[in-house]
Every structure is written in C-alpha cells, then in structure tokens.
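Me: Could you take a close look at one part of this model for me? I would like to hear how its charged side chains pair up.

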Amino acid sequence: MPFKRYVEVGRVALVNYGKDYGKLVVIVDVIDQNRALVDAPDMVRGQINFKRLTLTDIKIDIKRVPNKKTLIAALEAGDVKNKWENSSWGRKLIVQKKRASLNDFDRFKIMLAKIKKAGVVRQELAKLKKEAA
Amino acid sequence: MSYKFHQFQVVGRGLPTESDEHPKIYRMKLWATNEVRAKSKFWYFLRKLKKVKKSNGQMLAINEIFEKNPTTIKNYGIWLRYQSRTGYHNMYKEYRDTTLNGGIEQMYTEMASRHRVRHHCIQVIKTATIPAKLCKRESTKQFHNSKIKFPLVFKKVRLPTRKLKTTYKASRPNLFV
C-alpha cells in the first residue's frame, strides 16, 4: 500500500502527546529525521518530535518557514478550519470534547432525547413488521 | 525545551600584583550544566594556557548566553577534542538544530553512544553556524532540500498521558501510519 500522508512543508498535523495535546499545527520545516519545526497561529514556532504528531490529509501551500502573517493567510486560504471540522476525524474529536464537558442537566436532556429517538425508531420498525406480516 | 548544557561567557584574570598592576583579562565561552561548573572549567582551561590558578585569580563576570533565534533551523559544526581509551583525538561533527545548546547536547549524547566517551572527556574547541553550502556531512546535507517530503513509515501507538497506560490491550494496534 503506498503512502498518502507525507511529512512536507505545509502538512497539517495533530499533536497527540505533551503540552500542546489536541492542537492542529502546520509543519513548517524539517530539522532532521525525527524532528520538525512546527507552527500554529496561537503558539511560538518551535520544534516537535514526529512521534508526537499524527499527520492529517490536509496540506496548505506555503514556502519553507513563512512568517506568522503569511501562515495565517495561507491557513485561511486553505480553509483548514472548515475542512478539519467537516472531516469525520475532526467531528469525532469535537463530539468527544462536548461529551467530556457535559454537566448533569445536559446528560439528563440527552437521556430524554435518546429515549424519544428510540421510541420513534421502534414505532417505524413495528409498522414495517406489520406490513411484512 | 530545557537543555542540560548551558552556554556561559566567563571572564576572569589573575589578581593584580606589585609587578603587574593590570593583568590581562581573559574571556571564554564554554558549556556546562551550571554556573559553578562553568567557573571551574574556566580555571581548568586558563591554567593550561597561562600561569594563573583560581587561588591567585579572580572571576570578573559570568553570564549565560542564550540563543538569539531559537525559531530558525541552523547547521552547527562542532570541533572537539576527546579522550578515547587509547589517546586524544580531534573530531569535527555537524548537527542540524534550532539552538546551539541543542546541537551541543546532541553532540554529547552522540559521542557517548557512538564512541563511549563521557562528557568530562570531551573538550569543545570551536563551534560555528555553517551555511548550507559548506556542510560536509551527508546526514545533514540530505535535509537541505526545500521540497523535502517523506512518509512516516511506522506509527507508534502511544497514549496521550502516562496515566492511561495499560499492560494489556484487547486488540492489536494498527501500526500503519
């Protein structure tokens, strides 16, 4: 199986370990075999080990080591935020975060909504069963 | 990024005597883990170069030197002299890093792993930031490519925090990228 996600200048990656866990960063340059120079709109440009990154499918068009303004403009042009939030991976992460931040009242509301949804599904199923019988 | 080795600028001179009212002042840039060690190293080197010891000398200044541009990647060339089991040798090594302290730390760990040389047997002669054209080692030159592109071949599955670590897993992890 060939590789589809490459480490290259402009690749968007997710930090999966450490202080910046959960952040989307852009690989801005490669230091050596194990480390990359990485940048994001809300952090100082710094080095990070590839072991702490998971590459995504998103890639933006930048030159090696752009300055912050150019990087933010390129992120806007590549529409990274929307692409990420509409991708299945991004949506799953958003749902996870939401679930983790629920309070008891929200969980109660969800319980009611789940019961309602299950009731509607069961009604439809009963109707179909009746027609098949 | 916390580095083990810090760079210090140490300035000292011999104590003034009746024959020599204004002795020459010497300045050295060296790497040590802390200030105390840096001062000790300074006297060690100065003793080898001039007829002065810590007991008849004075420390004038010791300042830590920080990296000016820690957000840009540079190629560092390090000239060093080290003691092996059979004698002293000189070496030139190249490293790619964002800061000089990082490059020096890479050097110390590499010398320890490749040549079994502990850090007290290594003397840094000179360091320099090398422009890409003058790099000598293939392992640094292979990253001088503005369109560098390579896949990450092996994905190590790791939990986001050490608290969630488990010895056993229900299913085999997927290692493909």
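Reply: Happy to help; here is a walk around the salt bridges of one helix and its partners.

This is a predicted model, in which local features need pLDDT of at least 70, side-chain atom pairs count only at pLDDT 80 or more, and totals for chains, interfaces and linings use all residues. Residues are numbered from 1 along each chain as its sequence is written, chains are lettered from A and ligands numbered from 1 in written order, and side-chain values use heavy atoms, with hydrogens and water left out.

Let's start with Glu110(B), which forms a salt bridge with Lys93(B), their closest N and O atoms being 3.3 Å apart (a salt bridge is a side-chain nitrogen of Lys or Arg within 4 Å of a carboxyl oxygen of Asp or Glu). This pair links distant parts of the chain, 17 residues apart: Lys93(B) sits in strand β5 (residues 88–97) of chain B and Glu110(B) in helix α2 (residues 100–115) of chain B. Here helices (H or I, at least four residues) and strands (E, at least two) are DSSP runs, numbered from the N terminus.

Glu110(B) also forms a salt bridge with Arg114(B), with the closest N and O atoms 2.5 Å apart. Because they are four residues apart in helix α2 of chain B, Glu110(B) and Arg114(B) are separated by about one helical turn.

Now for burial: Lys93(B) is buried at 11% relative accessibility, and Glu110(B) is buried at 16%, whereas Arg114(B) is exposed at 60%. Buried means under 20% relative accessible area, exposed over 50%, and partly exposed in between (1.4 Å probe, protein chains only).
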